[in-house]
Amino acid sequence: MSIANLFHLTPSQAAIALGSIRTVIEAGGPVDEREAAFLSTCAQTLELGEPWTTYPPVESASAGEPFSTPEARTGLIYALIVAACIDTHASPGSVAAVREFAAALAVKTRWIDVLVNASRRRVLPVKLGLARSSPDAARLFARIWQEEGLLGIWGALRFVLTNGTRDPALAWRFRQLGLLPEGTFGRMFWATMCERKLTFPGETGGVPERMVHHDLMHVINGYATDPAGECELGGFYAGFTSGEPFTFAMIVLTTFHLGLPVSPAVVLPAIGAFDTAKFIAAFERGRRLEVDVMGNWDYWSLMPLPVEQVRERLGIGDPHTAPHRLVPQATMT
């Protein structure tokens, strides 16, 4: 399903959306090569038949009538926030334009404040804004409480405070994945973790098993573990996650495109790694996912299977899917 169909945009609404995006970008100065590529991707994604240059900028007051529902208006503001960040520093003019659109459309969202703080490189407020909206963290603690109660919550906090706890049996279960045949999901996961010199769940410093889905999804999707690959994975998670999926877009934008150190210390920030077309493709792939990989899914039964078969079972197998291209990097998680 395309973005235009997902949000039920008419051709006139799509044209207004592109014109609004252009307004935000041009408010930051002349359109550079990166911004032009972004506008071209937006025109293609919105299924507009002409180059972006044929769609004039739109005043904020003119966008309200075509986008009459709260959901449509909020979605437009989200797109404008991305547009404001695409120049890799969120220029004051673009940020001001986004705020003007939000006021004109009566959209109130915490992401405006996060954008403002990101443009001013205020790391702590951005961190807090991301943490408050994280679907991953919220669902993780909800699941821990449901399955283990107060003892489980204490264990999670202890992991944060003490760099994890040892579980030798769990660690060996992960390490034994290296005995599986080449090409299987488990063997590829084991090789990726070893090549990146990362510890397995159950080892000191390893992530809790409930959080290992992040690394598993890198392998299943073939997304690299460099900043560009992390941006793709963010798009994938945004595609299937309920709650506030736009959080994932803001996490990768602030960390890997604006270069802010707002993610865990082991994640190195980067500048300019966000590729709009790849993010959207990953988002659309995430929409096809049929298994809640942040929930209680049985990935152990999938470990002996070829990775292509695993993708099919999860609903993301596709004859047009790009070949596996994961490139391990030692600095990312």
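Which residues does Asn221 touch, not counting residues up to four places away in sequence? Hi everyone, let's start right there. The answer is Leu233, Phe236, Arg285, Arg311 and Ile316. Before we go on, please remember that what you see above is a predicted model.

So where is Asn221? Asn221 belongs to helix α11, which covers residues 213-221. Is Asn221 buried or exposed? Its relative accessibility is 4%, and the cut-off for buried is under 20%, so Asn221 counts as buried. One of its partners, Leu233, sits 12 residues away along the chain, and the C-alpha atoms of Asn221 and Leu233 are 8.2 Å apart.

Now let's step back to the whole chain. You can count 15 helices and zero strands. Of its 333 residues, 51% are buried. The accessible surface is about 15,700 Å², and carbon and sulfur atoms account for 57% of that. Here is a number about the fold: take the contacts between residues at least 6 apart in sequence, and 70% of them join residues at least 24 apart.

Next, the inside. The largest nonpolar core has 93 residues, and Met217 and Phe236 are the members that touch the most others. Helix α4, residues 70-85, gives this core its largest share, with eight residues. We met Phe236 a moment ago as a partner of Asn221. What else does Phe236 contact, leaving aside neighbours within four places in sequence? Besides Asn221, the list holds Met217, Tyr223, Ala282, Phe283, Arg285, Gly286, Leu289 and Ile316. Notice that Arg285 and Ile316 were on the list for Asn221 too.

Let's look at two pairs of helices. In the first pair, α2 (residues 11-26) packs against α3 (residues 33-45) at an angle of about 170°, and the axes are 10 Å apart. Angles over 145 degrees count as roughly antiparallel, so that is how α2 and α3 run relative to each other. From α2 come Leu18, Ile21, Arg22 and Ile25, which meet Glu35, Phe38, Leu39, Cys42 and Ala43 of α3. Sorted by class, this contact has seven nonpolar residues, two charged and no polar ones.

The second pair brings back α4. This helix packs with α13, residues 246-256, at an angle of about 5°, with the axes 11 Å apart. Under 35 degrees counts as roughly parallel, and α4 and α13 are therefore roughly parallel. On the α4 side we find Tyr78, Ile81, Val82 and Cys85, and they meet Phe246, Met250 and Leu253 on the α13 side. The contact of α4 with α13 has seven nonpolar residues, with no polar and no charged ones.

Finally, a look at the backbone. Most residues other than glycine have a negative phi. Which way does Glu47 go, positive or negative? Positive: its phi is near 60°. Glu47 lies in the loop between α3 and α4, and with a relative accessible area of 49% it is partly exposed. Thr88 is not a glycine either, and it has a positive phi of about 75°. You will find Thr88 in the loop between α4 and α5. Its relative accessibility is 16%, so Thr88 counts as buried.

If you want to explore afterwards, begin again at Asn221 in α11, and step across to Phe236, one of its contacts. From there you are in the largest nonpolar core, where Phe236 and Met217 touch the most other members. Thanks for listening!

Methods:
Residues numbered from 1 in each chain as written. Predicted model: local features only at pLDDT ≥ 70, side-chain atom pairs only at ≥ 80, totals over all residues. Heavy atoms only, no water. Helix = DSSP H or I, 4+ residues; strand = E, 2+ residues; numbered from the N terminus. Buried < 20%, exposed > 50% of the residue type's maximum accessible area, 1.4 Å probe, protein only. Contact = heavy atoms within 4.5 Å. Areas by Shrake-Rupley, 256 points an atom, 1.4 Å probe, with all protein chains shown as cover. Core = buried A, V, L, I, M, F, W, Y, C linked by side-chain atoms within 4.5 Å. Axes fitted to C-alpha atoms, helices over the stretch in contact; angles between N-to-C directions. Parallel < 35°, antiparallel > 145°, perpendicular 65-115°, else oblique. Nonpolar A, V, L, I, M, F, W, Y, C, P; charged D, E, K, R; others polar.
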